[in-house]
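User: I would like to learn how to read a sheet and the helices beside it in a structure file. Could you take me through one example step by step?

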Amino acid sequence: MNNNNSSMEMMLRIKRVPTVVSNYQKEEAEGGARRVGGCGRNCLRDCCIQGAKLPLYAFKRVNKINEEELIEHGSGEPPVAFLDSLLLGEWEDRMQRGLFRYDVTACETKVIPGRYGFIAQLNEGRHLKKRPTEFRVDKVLQPFDGNKFNFTKVGQEEVLFQFEASEDGEVQFFPSAPVDCENSPSMVVINVSPIEYGHVLLIPSILDCLPQSIDHESLLLAIYMAVEAGSPFFRLGYNSLGAFATINHLHFQAYYLTVPFPVEKAPAKKITTLDVGVKISELVNYPVRGLIFEGGNTLQDLSTTVSNACICLQNNNIPFNVLISDCGNRIFFFPQCYAEKQALGEVSPELLDTQVNPAVWEISGHMVLKRKKDYEEASEENAWRLLAEVSLSEERFREVSALIFEAICYKNNGNQDCENLVKDAEFKSHSTEEVVATSKGSGGAIITGVQECLVLHVNIESRKGKGEVLLVTVEVSLLFFLSSKFSEIEHMLVYWFTY
Ligand SMILES: [Zn+2]
């Protein structure tokens with residue numbers, strides 16, 4: 001240790017406040033005594049990874065989501081509860097160890113009154129402490145650059161576990177397993193700038209240093225993680241470059257939030273069902289135009305269809321966001337153009353002032369706001385106005401959909417349904433335009449149309465912890481409109497209290 005290091009060490013020890021700019025500083029301060037050698041950061045690169053041991057969760061490759069039930073109720077207990085004990089439990093452990101840049105559980109959150117139930121969070125610290133974007137925003141595919149920040153530079157204490165398919169077809173868990181560098185394991189790490197409880201990153205084949213772009217294998221891995229978590233409140237998301245990904249190193253995000261996302265409740269119109277059983281629909285009455293892919297004869301069919309769509313947009317340099325919902329059974333797909341509009345000076349100054357980056361979570365209806373003013377004034381109309389800017393125009397959406405269907409059909413070996421689908425996408429714009437026009441007329445039409453609603457406020461305080469008491473306060477406001485079916489309300493309540 002040289003003089004510089006020891007003075008920094010003292011400074012950090014005295015400060016002990018959560019204003020860490022980089023977790024490596026912290027590691028240097030705390031790790032000096034316990035780790036000799038390596039770069040001193042206990043990272044995942046060659047300097048530190050040799051001989052490292054990390055927990056390993058090996059999941060069972062299921063073909064269909066229903067098979068998951070067989071695991072749960074079938075032969076014996078799983079070795080560890082994936083979501084509750086491993087993922088959330090280890091995440092809380094990292095919170096207690098002070099590895100996050102701020103306390104996300106202290107951020108105010110509310111459900112915005114209205115038909116859709118947009119969720120607003122006030123997060124004043126995030127944009128100040130977030131890693132800066134270090135690449136151009138007008139190219140969806142860019143080569144990996146090892147000189148810029150990437151996830152091999154995180155500290156090993158930020159890794160929750162390695163996530164791999166099981167070799168022998170059974171779920172397995174090893175609390176301390178060697179890192180098999182040759183085979184570049186996939187890892188789940190904390191997001192040190194979380195936007196919600198349990199916010200983690202899934203980094204497929206982390207040591208391969210893949211750029212941010214979707215391929216068949218990585219999307220399937222992300223879907224398997226959603227299946228493994230087995231909770232509709234745990235979603236995974238993906239932002240392409242140009243659609244507000246901030247790190248050009250292949251990763252998915254995921255977190256746990258116990259309310260339905262507005263996009264999950266939005267009406268949809270079925271377009272078709274492919275031969276492989278994947279149903280494709282289109283969102284209607286939602287500010288961002290998007291496609292929904294669900295079901296499929298196997299998980300692989302769903303994954304292949306969606307990854308073909310992603311690859312198509314990547315090759316056409318169209319930025320997009322993906323939300324993996326419903327335990328991996330339903331995938332929302334949004335081509336977007338906000339960054340492009342921003343660059344062309346077409347976004348209104350008042351929206352730009354909010355500095356909200358409409359990535360997958362915002363598009364899905366979870367608005368992370370940076371200014372108290374925006375949080376206090378949050379309304380469905382404002383959320384709608386921002387998200388409408390993210391959406392492709394009706395015409396452009398038709399064009400892009402046609403491209404996507406063509407890509408999917410090509411892979412589906414020119415099946416007849418598929419060919420009709422492409423033609424439909426090109427010529428159908430009229431009928432859909434009408435639907436959208438009535439709903440979109442203005443965000444206001446939707447708000448004024450609703451007259452009666454039942455508001456239910458639920459405050460839950462739960463104590464979880466490992467030895468020490470950790471207080472997690474969740475405040476949720478759920479809105480159920482009387483116009484919706486009562487059976488649905490009942491279902492929702494049961495849902496809520498189960499969790
Ligand atoms: Zn190192």
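**Reading a sheet and its helices**

Analyst: Let us begin with a helix, bearing in mind that this is a predicted model. Helix α7 (residues 216-229) lies across β1 (53-59), β4 (159-165), β7, β8 (234-239), β9 (252-256) and β13 (320-325), and runs at about 165° to β8. Helix α9 (residues 299-315) also packs on the sheet, where it touches β11 (278-283), β12 (291-295), β13 and β14 (330-335), and its direction makes about 5° with that of β14.

User: In what order do the 12 strands of the open sheet lie?

Analyst: The order is β5-β1-β4-β6-β7-β9-β8-β13-β14-β12-β11-β10, and the pairing is mixed. The edges are β5 (172-178) and β10 (268-273), each of which pairs on one side only. From one strand to the next, the twist averages 25°.

User: How should I read the pairing of strand β6 with strand β7?

Analyst: Pairing is read from bridges between strands, and two strands count as paired if DSSP finds at least two. Strand β6 (residues 187-190) and strand β7 (residues 200-203) are antiparallel over four bridges; I190 stands opposite V200 in β7, and V189 stands opposite L201 in β7. Strands β4 and β6 also run antiparallel, joined by three bridges, with Q162 opposite M187 in β6.

User: Which way do the side chains of β6 point, and are they buried or exposed?

Analyst: M187 and V189 point one way from β6, while V188 and I190 point the other way, and all are buried.

Technical notes
Residues numbered from 1 in each chain as written. Predicted model: local features only at pLDDT ≥ 70, side-chain atom pairs only at ≥ 80, totals over all residues. Helix = DSSP H or I, 4+ residues; strand = E, 2+ residues; numbered from the N terminus. Axes fitted to C-alpha atoms, helices over the stretch in contact; angles between N-to-C directions. Contact = placed C-beta atoms within 7 Å. Buried ≥ 20, exposed ≤ 12 C-beta atoms within 10 Å, placed from the backbone.
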